[in-house]
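Reader: I am meeting this protein for the first time and should like to be guided through it. Please take the questions one at a time.

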Amino acid sequence: MTHEITFSRLVDVPASEIARHMSDPRVAEHMPLLTGAWDTEMAIQFVKMKEEYWARDGLGHWAFLVDGNYVGWGGFQKEGQEWDFGLVLRPHAFGFGRRISKKAIELAIADDRIPFVTFLLPPSRKNLGALGRLGAEHVGDVDYDGERFLKFRLETT
């Protein structure tokens, strides 16, 4: 069965859904900057911040929907002169990561503003084969808010 994957704005998802998603301990396992459970107010502030990136950069994070149901969020965020791609799925939707990422990367390839995409992954992520299959290369480690991340780069031009 083929599932329809669509991208929507985070403001279109109830904040309570995002709070529930971000409070799942299985999500936090690979998000060292995530500390503690979220409430609805935290989710509202998070969405507001992500909408500010859309206003500033003309691109940002989406809500990912499978057959119309929210399964996670992610997208592109400008970090200095680089466009970083992030993907945070609900545990029951982990299997959709490849298709969602492929669709997002196709958008980056079509966008002249994005000559390459970076990915920051915590060292706890051991299965990195998908990045290699995309063509991303490990370019080193970086410190982000006091945590070490593995940095990968994918050329889009």
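**Burial, fold and core**

Author: In this predicted model, 44% of the 157 residues of the protein count as buried. Please begin with the overall build.

Reader: How many helices and strands does the protein have, and in what order do the elements run from the N terminus on?

Author: The protein has five helices and seven strands. Read from the N terminus on, the order of these elements is β-α-α-α-β-β-β-α-β-α-β-β.

Reader: What radius of gyration does the protein have, and what would a compact globule with 157 residues have?

Author: Along the principal axes, the C-alpha atoms fill a box of roughly 35 × 35 × 35 Å. A compact globule with 157 residues would have a radius of gyration near 15 Å, and the protein agrees with this, for its own value is 15 Å.

Reader: Which share of the accessible surface belongs to carbon and sulfur atoms?

Author: The accessible surface of the protein comes to about 8700 Å². The part belonging to carbon and sulfur atoms is 52%.

Reader: In what order do the seven strands stand in the sheet?

Author: The sheet is open and its pairing is mixed. Its seven strands stand in the order β1-β2-β3-β4-β5-β7-β6.

Reader: Why is one side of β1 and of β6 left without a neighbour in the sheet?

Author: Residues 5–9 form β1 and residues 137–144 form β6. Each of these strands has a single partner strand, so one side of each is left without a neighbour; both stand at the edges.

Reader: By what angle are neighbouring strands of this sheet turned against each other on average?

Author: The angle is taken with direction ignored. On average, neighbouring strands of this sheet are turned against each other by 30°.

Reader: How many bridges join β6 to β7, and which residue of β7 stands opposite G140?

Author: Strand β7 covers residues 147–155 and runs antiparallel to β6, with seven bridges joining them. Opposite G140 stands a residue of β7, K151.

Reader: Which strands do the helices α3 and α4 touch where they pack on the sheet?

Author: Helix α3 (residues 40–57) touches β1, β2, β3 and β4, and its direction makes about 50° with that of β3. Helix α4 (residues 97–110) makes about 65° with the direction of β1. The strands that α4 touches are β1, β2, β3, β4, β5 and β7.

Reader: Which residues have the most contacts inside the largest nonpolar core, and which element gives the largest share of this core?

Author: This core has 27 residues, and those with the most contacts inside it are W62, F76, I100, V117 and F119. Two or more residues come from each of β1, β2, β3, β4, α4, β5 and β7. The largest share, four residues, comes from α4.

Reader: How many residues has the second, separate core?

Author: In soluble globular proteins, nonpolar side chains tend to be buried together. The second core includes V13, A15, M22 and V27. Its number of residues is 17.

Reader: How far apart in space are E82 and F119, C-alpha to C-alpha?

Author: E82 lies in strand β4, and its contacts beyond four places in sequence are Q77, F116, T118 and K151. Contacts of F119, under the same exclusion of neighbours within four places, include F85, L131 and K151. E82 and F119 are 37 residues apart in sequence, and their distance in space, C-alpha to C-alpha, is 10 Å.

Reader: Is R90 buried or exposed?

Author: R90 is found in the loop between β4 and α4, where, residues up to four places away in sequence not counted, R90 touches E17, R20, H21, Y70, V71 and G72. Buried means under 20% relative accessible area. The relative accessibility of R90 is 13%, so R90 counts as buried.

Reader: What value of phi do D67 and D145 have?

Author: Most residues other than glycine have a negative phi. D67 is found in the loop between β2 and β3 and, at 38% relative accessibility, counts as partly exposed. D145, in the loop between β6 and β7, counts as exposed at 66%. Phi is positive in both residues: near 55° for D67 and about 50° for D145.

Technical notes: Residues numbered from 1 in each chain as written. Predicted model: local features only at pLDDT ≥ 70, side-chain atom pairs only at ≥ 80, totals over all residues. Heavy atoms only, no water. Pairing = 2+ DSSP bridges. Axes fitted to C-alpha atoms, helices over the stretch in contact; angles between N-to-C directions. Contact = heavy atoms within 4.5 Å. Buried < 20%, exposed > 50% of the residue type's maximum accessible area, 1.4 Å probe, protein only. Rg over C-alpha atoms; globule rule 2.2 N^0.38 Å. Areas by Shrake-Rupley, 256 points an atom, 1.4 Å probe, with all protein chains shown as cover. Core = buried A, V, L, I, M, F, W, Y, C linked by side-chain atoms within 4.5 Å.
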